[in-house]
Amino acid sequence: MTASESLALITKTMNESRKDIVQRSGKYLLLWGILLTVFSLLVFSLWTATGQPDWNLLWFVMPIIGIIVSSILKRKEPVSLPDNAISRMIGGIWRSFGVFVVSTAIFTLLFAKFGHTLGAVAVAIGLTPTILLLFGMAETVSGIAVKNKAITVAGFLTGIGGLILYYLTASNCDGAEEILLFTLAGVVLAVTGLIVKHQNK
Amino acid sequence: MFPKLDPLLHSELRLAVMSILAGVESADFSFIKKQTDATSGNLSVQIDKLSAAGYISVEKGFKGKMPCTTCRITDAGRDAFDNYVKALREYLLQ
């Protein structure tokens, strides 16, 4: 092998494994995007139809389904893919997002249920805008990690745009309609997954 | 004067294996085989050579009921790989 052939081989091999690994991250972002879209529409529909906000408890089923489907998909992979710096970062970002959101939701519910003053504060801050901000942040950092401006901008627009939309519409719409902001976030996440998959084909 | 190229890395398959392992924490034998298009026998031989030189560590275990060989680049392997790439660049610059 000549020096240039060796360097070309190194570059080609590294690029191909990086693409295979990052493409897998896209598959899981797509899965969670679809789940978020489906669950937000489901909660919205049931809440609107029955007038019962208790349907929000369905949100806690979403991570369980997501984890089960993810593990099935992982087991079905013909070749066990390793992690690289980018896939580890994307996985870490979204796992942290999940932990933050579920913890915030649980503590807000608990404090509110037991009439603690902190519950009132948490409710006043609002769970929806908090989650939207966290989502936008996670999406933007993912965009930076995969070097994709569309994802970076989409994260900013979903986080900050969603927050503005929430404040503008909060007085005019009920809690059920707020849920539709998560449908928007779900679509953004699914599209992000498709972009990451396509970008690394 | 041209720097000496590491003869252990100056082989297509071993270099490909090291290039894969340089970018990941660890990789399964099946993943390396898929990425390099090598035969199992040839890949095993080259992995043994890299392992004997201390460039990679090899861990044999099981994933469920299936045997699984996991390879990981060592610090010595990373240094050798970096030096090899530096030497190649010097060749190309001269």
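Here's a quick briefing on a two-chain structure, covering each chain and then the place where they meet. Keep in mind that this is a predicted model. Chain A is built from eight helices and zero strands, while chain B mixes four helices with three strands. Between them, 21 residues of chain A touch 26 residues of chain B.

**Chain A**

- If you walk along the sequence of chain A, you just keep meeting helices: the pattern reads α-α-α-α-α-α-α-α.
- The C-alpha trace of chain A stretches over about 75 × 35 × 30 Å along its principal axes.
- Of the 201 residues in chain A, 40% are buried.
- Look at the contacts in chain A with a separation of 6 or more, and 77% of them join residues 24 or more positions apart.
- Chain A has an accessible surface of about 10900 Å², and carbon and sulfur atoms own 73% of that.
- On the charge side, chain A carries 15 positive and 10 negative side chains, with the centres of the two sets 9 Å apart.

**A closer look at A:I72**

- You'll find A:I72 in helix α2 of chain A, which covers residues 61-76.
- A:I72 counts as partly exposed because its relative accessible area is 37%, and that label covers values between the 20% and 50% cut-offs.
- Now jump along the chain to A:G175: it sits 103 residues from A:I72 in sequence, and the two C-alpha atoms are 34 Å apart in space.

**Chain B**

- Chain B has a mixed pattern along its sequence, α-β-α-α-β-β-α.
- Its C-alpha atoms fill a box of roughly 55 × 25 × 20 Å along the principal axes.
- Chain B has 94 residues, and 45% of them are buried.
- For contacts in chain B with a separation of 6 or more, 54% involve residues 24 or more positions apart.
- The accessible surface of chain B is about 5300 Å², with 54% of it belonging to carbon and sulfur atoms.
- Chain B has 12 positive and 11 negative charges, and their mean positions lie 5 Å apart.

**Where the chains meet**

- People often describe an interface's size by the accessible area lost when the parts come together.
- Here, the area buried between chain A and chain B is about 1900 Å², and carbon and sulfur atoms give 71% of it.
- On the chain A side, A:M1, A:L7 and A:I10 supply 25% of the area that chain A buries against chain B, more than any other three residues.
- Two salt bridges link chain A and chain B.
- A:D20 and B:K34 form a salt bridge, with their closest N and O atoms 2.8 Å apart.

Conventions. Residues numbered from 1 in each chain as written. Chains lettered and ligands numbered in written order. Predicted model: local features only at pLDDT ≥ 70, side-chain atom pairs only at ≥ 80, totals over all residues. Heavy atoms only, no water. Helix = DSSP H or I, 4+ residues; strand = E, 2+ residues; numbered from the N terminus. Buried < 20%, exposed > 50% of the residue type's maximum accessible area, 1.4 Å probe, protein only. Contact = heavy atoms within 4.5 Å. Areas by Shrake-Rupley, 256 points an atom, 1.4 Å probe, with all protein chains shown as cover. Lys, Arg positive; Asp, Glu negative; His and termini not counted. Charge placed at Lys NZ, Arg CZ, Asp CG, Glu CD. Buried area = accessible area lost by both parts, 1.4 Å probe. Salt bridge = Lys/Arg side-chain N within 4 Å of Asp/Glu carboxyl O.
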